[in-house]
Amino acid sequence: MGELIRKKMEERDMSKAEFAQAINRHRTSVYKIFNRSHIDMELLVMISKVLNFDFYEIYNNTTSIARLTYALCLVVEIDKERLQEIEIEEELVQTIRKNLKQQDIKLTAIKMCGFTH
């Protein structure tokens, strides 16, 4: 965000000193603003007015994208956990099938030997 603010200030041919005065900050604060990725809303609104550019919309869209990315990561993580559960369930089903097959073989052997009622 800070880099975008710096670019917009330069596009307006505004010096750092003029910009600092317009937003009621010291010139050294301006350099700090340029290096920030996030800026508090009150300052962002003031900068938007001074530079006649809607930084809030950019900030809001960036924040929305970050939230969506986070939500997507959560969904993927949940899907990974569910996939692991499914794999465990499949292994259990395979074990049960194997046990049933062994029981069926034993039952067939018992029937062939005439041990049934």
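The exercises below work through the helices, core and loops of a predicted model.

Residues are numbered from 1 along each chain as its sequence is written. Because the model is predicted, local features need pLDDT of at least 70 and side-chain atom pairs count only at pLDDT 80 or more, while totals for chains, interfaces and linings use all residues; side-chain values use heavy atoms, with hydrogens and water left out.

**Exercise 1. Overall make-up**

Task: State how many helices and strands the protein has, and what share of its residues is buried.

Solution:
1. Helices (H or I, at least four residues) and strands (E, at least two) are DSSP runs, numbered from the N terminus.
2. On that basis the protein has 5 helices and 0 strands, in the order α-α-α-α-α along the sequence.
3. Buried means under 20% relative accessible area, exposed over 50%, and partly exposed in between (1.4 Å probe, protein chains only).
4. Of the 117 residues, 16% count as buried.
5. The exposed surface of the protein is about 9,400 Å², with 57% of it supplied by carbon and sulfur atoms; accessible areas come from the Shrake-Rupley method with a 1.4 Å probe, and for residues only the protein chains shown count as cover.
6. Contact means heavy atoms within 4.5 Å. Among contacts between residues at least 6 apart in sequence, 52% join residues at least 24 apart.

**Exercise 2. The two sides of α3**

Task: Find which residues of α3 (residues 27-34) are buried, and which helices they pack against.

Solution:
1. The buried residues of α3 are Ser29, Val30, Ile33 and Phe34.
2. Viewed down the helix axis, these residues fall within an arc of 145°, so they line one face of α3. The arc is that of the directions from the helix axis to the C-beta atoms.
3. An α-helix has 3.6 residues a turn, so residues three or four places apart point the same way.
4. Thr28 and Lys32 are exposed on the face of α3 turned away from the buried side.
5. The buried residues pack against α1 (2-11), α2 (16-22) and α4 (41-51).
6. Ile33 touches Gly2, Ile5, Ile23, Ile39, Leu43 and Ile47, leaving aside residues up to four places away in sequence.

**Exercise 3. α4 and its ends**

Task: Sort residues of α4 into buried and exposed, then examine Asp40 and Asn52.

Solution:
1. Leu43, Leu44, Ile47, Ser48 and Leu51 are buried in α4.
2. Their arc around the axis is only 140°, which puts them on the same side of α4.
3. Glu42 and Lys49 are exposed on the other side.
4. Asp40 caps the N-terminal end of α4, with a side-chain oxygen 3.3 Å from the backbone nitrogen of Glu42. A polar contact is a pair of N or O atoms within 3.5 Å; within protein, one must be able to donate a hydrogen and the other to accept it, and residues adjacent in sequence count only if both atoms are side-chain atoms.
5. Just after α4, Asn52 has a positive phi of about 50°.

**Exercise 4. Core and aromatic pair**

Task: Identify the residues that touch the most other members of the largest nonpolar core, and describe the aromatic pair.

Solution:
1. A nonpolar core is a set of buried Ala, Val, Leu, Ile, Met, Phe, Trp, Tyr and Cys residues joined through side-chain atoms within 4.5 Å.
2. The largest has 15 residues, of which Ile5, Phe19, Ile33, Ile39, Ile47, Leu51 and Phe55 touch the most other members.
3. At least two residues come from each of α1, α2, α3 and α4, and α4 gives the most, with 4 residues.
4. Rings of Phe, Tyr and Trp (its six-membered ring) pair if their centres lie within 6.5 Å; planes under 30 degrees apart count as stacked, over 60 as edge-to-face and the rest as tilted.
5. The count comes to 1 aromatic pair: Phe19 and Phe34 are stacked, 6.3 Å centre to centre with 15° between the planes.
6. Phe19 lies in α2 and Phe34 in α3, so the pair ties together parts 15 residues apart in sequence. Both residues are buried.

**Exercise 5. Lys8 and two loop residues**

Task: Decide whether Lys8, Asp13 and Asn24 are buried or exposed.

Solution:
1. Lys8 lies in α1 and is buried, at 15% relative accessible area.
2. Lys8 touches Leu51, Phe53 and Phe55, not counting residues up to four places away in sequence.
3. Asp13, in the loop between α1 and α2, is exposed at 71%, and its phi is near 55°.
4. Asn24, in the loop between α2 and α3, is exposed at 62%, and its phi is near 60°.
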